[in-house]
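This report goes through one structure, starting with its metal site and ending with its empty spaces. Please keep the sequence and the model at hand while reading.

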Amino acid sequence: MAALIGLVPLWDENKDSYWMLPGYMNGILRAGGVPVMLPLTDDEEVLAQLSKQCDGFLFTGGHDIDPGLYGEEKKQTCGVCCSARDAMESRLLKMALEEDKAVLGICRGIQFLNVGLGGTLYQDIPTEVETKEEHRQKPPYDMPSHRLILEKGAPLEKLLGKEEIAVNSCHHQAVKALADGLRVMAKAPDGLVEAVYMPKKNFVWAVQWHPEFFDGKDENSNRIFEAFVGAAQKNAGQR
Ligand code: MN
(Lines give C-alpha, C1' and ligand atoms only; values in the text may rest on other atoms or scores of the structure.)
Protein backbone atom coordinates (compact mmCIF):
# COMPACT_ATOMS: atom_id res chain seq x y z
CA MET A 1 0.00 0.00 0.00
CA ALA A 2 1.15 3.50 -0.77
CA ALA A 3 1.92 5.79 2.16
CA LEU A 4 -1.12 7.66 3.45
CA ILE A 5 -0.27 11.29 4.25
CA GLY A 6 -2.60 13.46 6.31
CA LEU A 7 -2.51 17.18 5.54
CA VAL A 8 -3.50 19.84 8.06
CA PRO A 9 -6.19 21.88 6.28
CA LEU A 10 -5.80 25.54 5.46
CA TRP A 11 -8.49 27.79 6.90
CA ASP A 12 -10.20 30.77 5.26
CA GLU A 13 -11.99 32.80 7.92
CA ASN A 14 -13.69 35.03 5.33
CA LYS A 15 -15.40 32.09 3.67
CA ASP A 16 -15.66 30.02 6.86
CA SER A 17 -14.11 27.30 4.77
CA TYR A 18 -11.27 24.79 4.46
CA TRP A 19 -8.99 25.07 1.46
CA MET A 20 -5.90 23.37 0.08
CA LEU A 21 -3.05 24.30 -2.25
CA PRO A 22 -2.72 21.77 -5.08
CA GLY A 23 1.08 21.87 -4.79
CA TYR A 24 1.00 20.05 -1.43
CA MET A 25 -1.19 17.29 -2.80
CA ASN A 26 0.74 17.11 -6.09
CA GLY A 27 4.09 16.92 -4.31
CA ILE A 28 2.91 13.89 -2.35
CA LEU A 29 1.23 12.29 -5.39
CA ARG A 30 4.35 12.78 -7.53
CA ALA A 31 6.41 11.07 -4.82
CA GLY A 32 4.06 8.07 -4.82
CA GLY A 33 2.05 8.83 -1.67
CA VAL A 34 -1.68 9.21 -1.14
CA PRO A 35 -2.56 12.63 0.31
CA VAL A 36 -5.72 13.23 2.30
CA MET A 37 -6.88 16.49 3.85
CA LEU A 38 -7.72 16.16 7.55
CA PRO A 39 -10.66 17.75 9.35
CA LEU A 40 -9.88 20.87 11.39
CA THR A 41 -10.45 19.41 14.83
CA ASP A 42 -8.69 19.02 18.15
CA ASP A 43 -10.89 16.07 19.19
CA GLU A 44 -8.56 13.69 20.99
CA GLU A 45 -10.16 10.46 19.77
CA VAL A 46 -10.38 11.58 16.16
CA LEU A 47 -6.76 12.70 16.13
CA ALA A 48 -5.63 9.52 17.90
CA GLN A 49 -7.24 7.40 15.18
CA LEU A 50 -5.77 9.57 12.42
CA SER A 51 -2.33 9.47 13.99
CA LYS A 52 -2.45 5.67 13.96
CA GLN A 53 -3.86 5.26 10.45
CA CYS A 54 -1.82 7.86 8.58
CA ASP A 55 1.84 7.07 7.81
CA GLY A 56 2.92 10.68 7.70
CA PHE A 57 1.68 14.20 8.30
CA LEU A 58 2.22 17.41 6.40
CA PHE A 59 2.06 20.48 8.62
CA THR A 60 1.08 23.08 6.05
CA GLY A 61 1.64 26.82 5.79
CA GLY A 62 -0.90 29.35 7.00
CA HIS A 63 -1.69 31.70 9.84
CA ASP A 64 0.76 33.11 12.36
CA ILE A 65 1.02 31.07 15.55
CA ASP A 66 -0.43 32.60 18.73
CA PRO A 67 2.66 33.95 20.56
CA GLY A 68 0.99 32.84 23.80
CA LEU A 69 2.04 29.32 22.80
CA TYR A 70 5.66 30.35 23.30
CA GLY A 71 4.98 32.57 26.28
CA GLU A 72 5.09 35.97 24.60
CA GLU A 73 2.66 38.84 24.22
CA LYS A 74 1.22 39.25 20.74
CA LYS A 75 2.83 42.27 19.08
CA GLN A 76 0.95 44.54 16.68
CA THR A 77 3.19 43.28 13.92
CA CYS A 78 2.08 39.68 14.43
CA GLY A 79 -0.46 38.60 11.81
CA VAL A 80 -3.84 36.90 12.08
CA CYS A 81 -3.82 33.70 14.14
CA CYS A 82 -6.06 30.65 13.92
CA SER A 83 -6.82 29.16 17.32
CA ALA A 84 -8.44 26.07 15.77
CA ARG A 85 -5.23 25.22 13.91
CA ASP A 86 -3.06 25.96 16.94
CA ALA A 87 -5.19 23.59 19.05
CA MET A 88 -5.32 20.83 16.43
CA GLU A 89 -1.64 20.93 15.59
CA SER A 90 -0.51 21.00 19.24
CA ARG A 91 -2.28 17.71 19.81
CA LEU A 92 -1.53 16.15 16.42
CA LEU A 93 2.18 16.94 16.57
CA LYS A 94 2.48 15.30 19.98
CA MET A 95 0.73 12.17 18.75
CA ALA A 96 2.66 12.00 15.48
CA LEU A 97 5.95 12.24 17.37
CA GLU A 98 4.89 9.58 19.86
CA GLU A 99 4.07 7.25 16.97
CA ASP A 100 7.29 8.29 15.19
CA LYS A 101 5.34 9.07 12.03
CA ALA A 102 7.01 10.86 9.14
CA VAL A 103 6.47 14.60 9.53
CA LEU A 104 7.16 17.39 7.06
CA GLY A 105 6.53 20.98 8.10
CA ILE A 106 6.37 23.79 5.57
CA CYS A 107 6.51 27.53 6.46
CA ARG A 108 4.06 27.74 9.38
CA GLY A 109 4.97 24.05 9.73
CA ILE A 110 8.62 24.73 10.66
CA GLN A 111 7.45 27.46 13.01
CA PHE A 112 4.89 25.17 14.60
CA LEU A 113 7.37 22.33 15.01
CA ASN A 114 9.76 24.70 16.78
CA VAL A 115 7.07 26.14 19.05
CA GLY A 116 5.58 22.71 19.76
CA LEU A 117 8.98 21.53 20.99
CA GLY A 118 9.57 24.58 23.16
CA GLY A 119 11.22 27.11 20.82
CA THR A 120 10.26 30.72 20.08
CA LEU A 121 9.67 32.84 16.96
CA TYR A 122 10.40 36.27 15.58
CA GLN A 123 6.90 37.68 15.33
CA ASP A 124 7.88 39.96 12.46
CA ILE A 125 11.16 39.77 10.54
CA PRO A 126 11.10 43.32 9.05
CA THR A 127 10.86 44.95 12.51
CA GLU A 128 13.00 42.47 14.48
CA VAL A 129 15.78 41.25 12.19
CA GLU A 130 18.33 43.19 10.22
CA THR A 131 18.51 41.57 6.80
CA LYS A 132 19.05 42.26 3.13
CA GLU A 133 17.37 39.02 2.07
CA GLU A 134 13.92 39.04 0.54
CA HIS A 135 12.02 36.67 2.82
CA ARG A 136 8.63 37.91 1.64
CA GLN A 137 8.91 37.85 -2.12
CA LYS A 138 6.29 39.18 -4.51
CA PRO A 139 4.52 36.77 -6.89
CA PRO A 140 5.22 34.67 -8.85
CA TYR A 141 6.17 32.35 -5.99
CA ASP A 142 7.70 29.67 -8.21
CA MET A 143 10.88 31.77 -8.58
CA PRO A 144 13.88 31.69 -6.22
CA SER A 145 14.11 34.62 -3.78
CA HIS A 146 17.23 33.95 -1.70
CA ARG A 147 20.03 31.46 -1.18
CA LEU A 148 20.33 28.88 1.56
CA ILE A 149 23.54 27.57 3.03
CA LEU A 150 23.18 23.89 3.92
CA GLU A 151 24.72 22.49 7.12
CA LYS A 152 27.50 20.06 6.28
CA GLY A 153 26.63 16.51 7.30
CA ALA A 154 22.96 17.26 8.03
CA PRO A 155 20.35 15.12 6.23
CA LEU A 156 19.35 17.84 3.76
CA GLU A 157 22.94 18.30 2.55
CA LYS A 158 23.27 14.53 2.25
CA LEU A 159 20.01 14.27 0.31
CA LEU A 160 20.79 17.05 -2.16
CA GLY A 161 24.58 16.76 -2.29
CA LYS A 162 24.92 20.57 -2.43
CA GLU A 163 26.41 23.28 -0.22
CA GLU A 164 23.92 25.92 -1.35
CA ILE A 165 20.51 26.07 -2.97
CA ALA A 166 18.14 28.83 -4.03
CA VAL A 167 14.60 28.91 -2.63
CA ASN A 168 11.41 30.92 -2.85
CA SER A 169 10.45 32.71 0.35
CA CYS A 170 7.14 33.99 1.64
CA HIS A 171 7.30 34.46 5.40
CA HIS A 172 7.44 37.35 7.88
CA GLN A 173 8.02 35.16 10.94
CA ALA A 174 10.91 32.79 11.63
CA VAL A 175 12.54 30.53 14.20
CA LYS A 176 14.19 32.61 16.98
CA ALA A 177 15.26 30.31 19.85
CA LEU A 178 15.63 26.83 18.40
CA ALA A 179 13.83 24.07 20.33
CA ASP A 180 16.05 21.57 22.15
CA GLY A 181 15.01 18.57 20.08
CA LEU A 182 15.80 20.22 16.74
CA ARG A 183 18.94 20.66 14.65
CA VAL A 184 19.44 23.20 11.89
CA MET A 185 19.82 21.86 8.31
CA ALA A 186 19.93 25.17 6.43
CA LYS A 187 20.20 28.90 7.05
CA ALA A 188 19.67 31.98 4.91
CA PRO A 189 22.77 34.15 4.37
CA ASP A 190 21.48 36.48 7.13
CA GLY A 191 21.55 33.58 9.60
CA LEU A 192 17.79 32.91 9.81
CA VAL A 193 16.92 29.23 10.24
CA GLU A 194 15.32 27.82 7.08
CA ALA A 195 15.35 24.05 7.60
CA VAL A 196 15.43 21.80 10.69
CA TYR A 197 15.14 18.14 11.63
CA MET A 198 14.78 15.97 14.75
CA PRO A 199 17.84 13.72 14.99
CA LYS A 200 16.04 11.29 17.31
CA LYS A 201 13.22 10.58 14.87
CA ASN A 202 12.95 8.52 11.72
CA PHE A 203 11.88 11.51 9.60
CA VAL A 204 10.81 14.81 11.13
CA TRP A 205 11.87 17.60 8.82
CA ALA A 206 10.64 21.13 8.30
CA VAL A 207 11.48 23.90 5.85
CA GLN A 208 10.74 27.60 5.85
CA TRP A 209 10.38 27.94 2.09
CA HIS A 210 7.57 26.68 -0.15
CA PRO A 211 8.23 23.46 -2.10
CA GLU A 212 4.50 23.42 -2.93
CA PHE A 213 4.65 26.70 -4.86
CA PHE A 214 7.31 25.22 -7.17
CA ASP A 215 4.79 22.42 -7.84
CA GLY A 216 7.24 20.02 -9.47
CA LYS A 217 9.47 22.65 -11.11
CA ASP A 218 12.24 22.58 -8.51
CA GLU A 219 14.29 19.40 -8.27
CA ASN A 220 15.44 20.12 -4.69
CA SER A 221 11.86 20.48 -3.53
CA ASN A 222 10.85 17.30 -5.38
CA ARG A 223 13.60 15.41 -3.57
CA ILE A 224 12.26 16.58 -0.21
CA PHE A 225 8.76 15.32 -1.01
CA GLU A 226 10.33 12.01 -2.14
CA ALA A 227 12.34 11.66 1.09
CA PHE A 228 9.22 12.43 3.15
CA VAL A 229 6.95 9.98 1.34
CA GLY A 230 9.75 7.38 1.31
CA ALA A 231 10.04 7.62 5.10
CA ALA A 232 6.26 7.38 5.48
CA GLN A 233 6.31 4.35 3.20
CA LYS A 234 8.32 2.48 5.84
CA ASN A 235 5.46 3.08 8.29
CA ALA A 236 2.98 1.91 5.65
CA GLY A 237 4.88 -1.37 5.46
CA GLN A 238 4.26 -1.95 9.17
CA ARG A 239 0.60 -1.00 9.06
MN1 MN B 1 13.27 32.94 3.79
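The text below takes up the metal site, the aromatic rings, the strand pairing, and then the pocket and the cavity. The model is a predicted one.

**Metal site**

A manganese ion is held by five named donors: H135 through ND1, H146 through NE2, S169 through OG, H171 through NE2 and E194 through OE. The coordinating distances run from 2.2 to 2.3 Å. Read along the chain, these donors fit the spacing H-x10-H-x22-S-x1-H-x22-E. Two of them, H135 and S169, connect distant parts of the chain, being 34 residues apart. H135 sits in the loop between α5 (125–128) and β8 (146–150), while S169 belongs to the loop between β9 (164–167) and β10 (174–175). Both H135 and S169 are buried.

**Aromatic rings**

Over the whole structure, 4 aromatic pairs are found. One of them joins Y141 and F213, with ring centres 5.2 Å apart and planes at 25°. An angle under 30 degrees counts as stacked, so the pair of Y141 and F213 is a stacked one. Y141 comes from the loop between α5 and β8, and F213 from helix α7 (residues 211–214), so the contact ties together parts 72 residues apart in sequence.

Are these two rings buried or exposed? Neither word fits: Y141 counts as partly exposed at 28% relative accessibility, and F213 is also partly exposed, with a relative accessible area of 24%. The limit for buried is under 20% and that for exposed is over 50%. Elsewhere, F203, W205 and F228 make up one aromatic cluster.

**Strand pairing**

Strand β1 (residues 4–7) is paired with strand β4 (residues 34–37) and with strand β5 (residues 56–59). The table gives both pairings, each with one facing pair of residues.

| Strands | Direction | Bridges | One facing pair |
|---|---|---|---|
| β1 and β4 | parallel | 4 bridges | L4 and V34 |
| β1 and β5 | parallel | 3 bridges | G6 and F57 |

In a regular strand, side chains alternate between the two faces of the sheet.

**Pocket and cavity**

Rolling a probe the size of a water molecule over the atoms shows where empty space remains. The largest pocket has a volume of about 490 Å³. Its lining consists of 23 residues, of which G61, G62, H63, R136 and C170 are the closest to the centre. The elements that contribute two or more residues to this lining are β2 (10–12) and α7. Helix α7 is also where F213 of the stacked pair is found. By type, the residues lining the largest pocket comprise 9 nonpolar, 9 polar and 5 charged.

How many cavities of 30 Å³ or more does a search of the whole structure find? The search finds 1. The largest cavity holds about 30 Å³ of space. It is lined by G27, R30, A31, N222, F225 and E226. Two helices, α1 (22–30) and α8 (219–238), each provide at least two residues of this lining, and α8 gives the most, with 3 residues. The lining of the largest cavity is split into 2 nonpolar, 2 polar and 2 charged residues.

Key
Residues are numbered from 1 along each chain as its sequence is written. This is a predicted model: local features need pLDDT of at least 70, side-chain atom pairs count only at pLDDT 80 or more; totals for chains, interfaces and linings use all residues. Side-chain values use heavy atoms; hydrogens and water are left out. Donors are N, O and S atoms within 2.8 Å of the metal (3.2 Å for Na, K and Ca); water is not among the atoms, so sites may look incomplete. Buried means under 20% relative accessible area, exposed over 50%, partly exposed in between (1.4 Å probe, protein chains only). Rings of Phe, Tyr and Trp (its six-membered ring) pair if their centres lie within 6.5 Å; planes under 30 degrees apart count as stacked, over 60 as edge-to-face and the rest as tilted. Two strands pair if DSSP finds at least two bridges between them. On a 1 Å grid over the protein atoms alone, a cavity is a set of points where a 1.4 Å probe fits but cannot get out, and a pocket is an open set with protein on both sides within 12 Å along at least five of seven lines; lining residues have an atom within 4 Å of a point. Grid points are joined across faces, edges and corners, and a volume is the space filled by probe spheres set on the points. Ala, Val, Leu, Ile, Met, Phe, Trp, Tyr, Cys and Pro count as nonpolar, Asp, Glu, Lys and Arg as charged, and the others, Gly among them, as polar.
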